[in-house]
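Me: I would like to learn how to read a few local features of a protein model, taking each one slowly and in turn. Could you give me the general idea each time, and then the case at hand?

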Amino acid sequence: MAGDKVETFLKSELKKKNALLFVLIDSEVSKLEASSKLAKDVEKIGASAILVGGSSATDQIEMAKVVKGIKKGIKIPIILFPGNVTGVVPEADAILFSSLMNSENPYFISQAQALGAPSVLKFGLEPLPTAYLVIGDGTSAWFVGSARGIPFEKPKIAAAYALAAQFLGMRFVYLEAGSGAKSSVTPEMVKTVRHTFNGFLIVGGGIKDVKTAQNLVKAGADALVIGTFLEKGGSLKKLQEIAKAIQRSK
Ligand SMILES: CC(C)=CCC/C(C)=C/CC/C(C)=C/CC/C(C)=C/COP(=O)(O)OP(=O)(O)O
Ligand SMILES: O=P(O)(O)OC[C@@H](O)CO
Ligand SMILES: [Mg+2]
């Protein structure tokens, strides 16, 4: 088995930094050269991991190339963020082995996982057991994953799912407003989930400014995921400001 190197690394980073920044690279959007450079740059400014994935990333060959290319230049872990079995590729360090718990389609709750698990083992990827909870609607993850989006203003429902995840032995919860979401998950929802869930709490979707990031971390997020901001040409300087701000905002 792949051991628990990445999970241990993330926990020790968390102790040092208080909250972590994960950068999402969508292999459909950023091709090989651009993503290798991006990964190096974001490592320099304090990102703790690179997530590679996309809800419509079906080109496994391209994704494998991107992972291989990124890996050469960085020390922080590469964590796969699969939208389907096609998101399982070799040479990454770990995988968000996620179940979209609030999907209406059992495929995204347990079938994709069953189909992908043998490759995870074969490629020696460290599986990070993750409850992937889609909040709101209208985003790619919501549509592709047939999610019954948890309403933004229903934090208790999110907390109930997070508690169920904990009882099922999952050590990560990912509150996902969706890539490019108009607004991020509310700090109130993060706070409510934080009170209930003991594990590693990831929050993503629509985060693009310091204030939002700080408020989510103050509410209890352990890691924030940022993707679209960079895809849309957001500056590394601003990303660095976000990284610095969250590392002392709890
Ligand atoms: C564990 C394995 C093998 C599979 C998990 C399968 C699951 C649970 C999928 C959840 C549904 C889904 C489609 C999730 C998408 C996750 C993801 C990579 C989102 C990133 O969003 P973008 O793909 O960047 O959004 P755009 O498509 O808008 O770019
Ligand atoms: O692209 P953004 O909106 O930063 O969202 C990141 C991630 O949560 C999407 O899965
Ligand atoms: Mg994308």
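Me: Where does Glu 91 lie?

Reply: In this predicted model, Glu 91 lies in the loop between β3 and β4, the latter spanning 94-100. Its relative accessibility is 36%, and Glu 91 therefore counts as partly exposed.

Me: What should I look for in the backbone of a residue such as Glu 91, and what is its phi?

Reply: The general idea is that most residues other than glycine have a negative phi. Glu 91 is not a glycine, and yet its phi is positive, at about 75°. Ser 146 is another residue other than glycine with a positive phi, in this case near 45°. Ser 146 is found in the loop between α5 (140-144) and α6 (155-167), and with a relative accessible area of 28% Ser 146 is partly exposed.

Me: Which residues does Val 67 contact, once its neighbours within four places in sequence are left aside?

Reply: Val 67 is in contact with Val 52, Ile 78, Leu 80, Val 89, Pro 90, Glu 91 and Ala 92 when those neighbours are left aside, so that the loop residue Glu 91 appears again here, as one of the partners of Val 67. Val 67 itself belongs to helix α3, residues 60-73, and its relative accessible area of 0% makes Val 67 buried. For one of these partners a backbone distance can be added: the C-alpha atoms of Val 67 and Ile 78 are 7.5 Å apart, while the two residues are eleven places apart in sequence.

Me: Is Ile 50 buried or exposed, and which residues surround it?

Reply: Ile 50 is placed in strand β2, residues 49-53, and because its relative accessibility is 0%, Ile 50 counts as buried. Leaving aside neighbours within four places in sequence, its contacts are Val 23, Ile 25, Ala 39, Val 42, Ile 70, Ile 74, Ile 76, Pro 77, Ile 78 and Ile 79. A separation along the chain can be set beside one in space for this residue as well, since Ile 50 and Lys 65 are 15 residues apart along the chain and their C-alpha atoms are separated by 15 Å.

Me: Serine has a polar side chain; is Ser 35 buried or exposed?

Reply: Ser 35 counts as buried, because its relative accessibility is 0%. Ser 35 lies in helix α2, residues 32-44, and, not counting residues up to four places away in sequence, Ser 35 touches Ile 25, Ser 30, Val 66 and Ile 70. Ser 99, in strand β4, is likewise counted as buried, at 8% relative accessibility. With the residues up to four places away again not counted, Ser 99 touches Phe 108, Ile 109, Gln 113, Thr 130, Ala 131, Tyr 132 and Met 170.

Me: How should I describe a pair of aromatic rings, and how many such pairs does a search of the whole structure find?

Reply: A pair of aromatic rings is described by the distance of the centres and the angle of the planes. A search of the whole structure finds seven aromatic pairs. In one of them, the ring centres of Phe 81 and Tyr 132 are 5.6 Å apart and the planes stand at 80°, so the pair is edge-to-face. This pair links distant parts of the chain, as Phe 81 is in strand β3 (residues 78-81) and Tyr 132 is in strand β5 (residues 126-134), 51 residues apart. Both Phe 81 and Tyr 132 are buried.

Me: What about the rings of Phe 172 and Phe 200?

Reply: Their centres are 5.2 Å apart and their planes are at 45°, so the pair of Phe 172 and Phe 200 is tilted. Phe 172 lies in strand β6 (residues 172-176) and Phe 200 in strand β7 (residues 200-204), so the pair ties together parts that are 28 residues apart in sequence. Phe 172 is buried at a relative accessible area of 2%, and Phe 200 is buried at 6%. Together with Phe 22, these two residues form one aromatic cluster.

Me: Finally, how do helices α8 and α10 pack?

Reply: Two packed helices are described by the angle between their axes and the distance between the axes. Helix α8 (residues 210-218) and helix α10 (residues 236-246) pack at about 25°, with their axes 9 Å apart, which means that α8 is roughly parallel to α10. Val 210, Ala 213, Gln 214 and Val 217 of α8 make the contact with Glu 241, Ile 242, Ala 245 and Ile 246 of α10, and these residues divide into six nonpolar, one polar and one charged.

Definitions and conventions. Residues are numbered from 1 along each chain as its sequence is written. Chains are lettered from A and ligands numbered from 1 in the order in which they are written. This is a predicted model: local features need pLDDT of at least 70, side-chain atom pairs count only at pLDDT 80 or more; totals for chains, interfaces and linings use all residues. Side-chain values use heavy atoms; hydrogens and water are left out. Helices (H or I, at least four residues) and strands (E, at least two) are DSSP runs, numbered from the N terminus. Buried means under 20% relative accessible area, exposed over 50%, partly exposed in between (1.4 Å probe, protein chains only). Contact means heavy atoms within 4.5 Å. Rings of Phe, Tyr and Trp (its six-membered ring) pair if their centres lie within 6.5 Å; planes under 30 degrees apart count as stacked, over 60 as edge-to-face and the rest as tilted. Axes are lines fitted to C-alpha atoms, for helices over the stretch in contact, and angles run from 0 to 180 degrees between N-to-C directions. Angles under 35 degrees count as roughly parallel, over 145 as roughly antiparallel, 65 to 115 as roughly perpendicular and the rest as oblique. Ala, Val, Leu, Ile, Met, Phe, Trp, Tyr, Cys and Pro count as nonpolar, Asp, Glu, Lys and Arg as charged, and the others, Gly among them, as polar.
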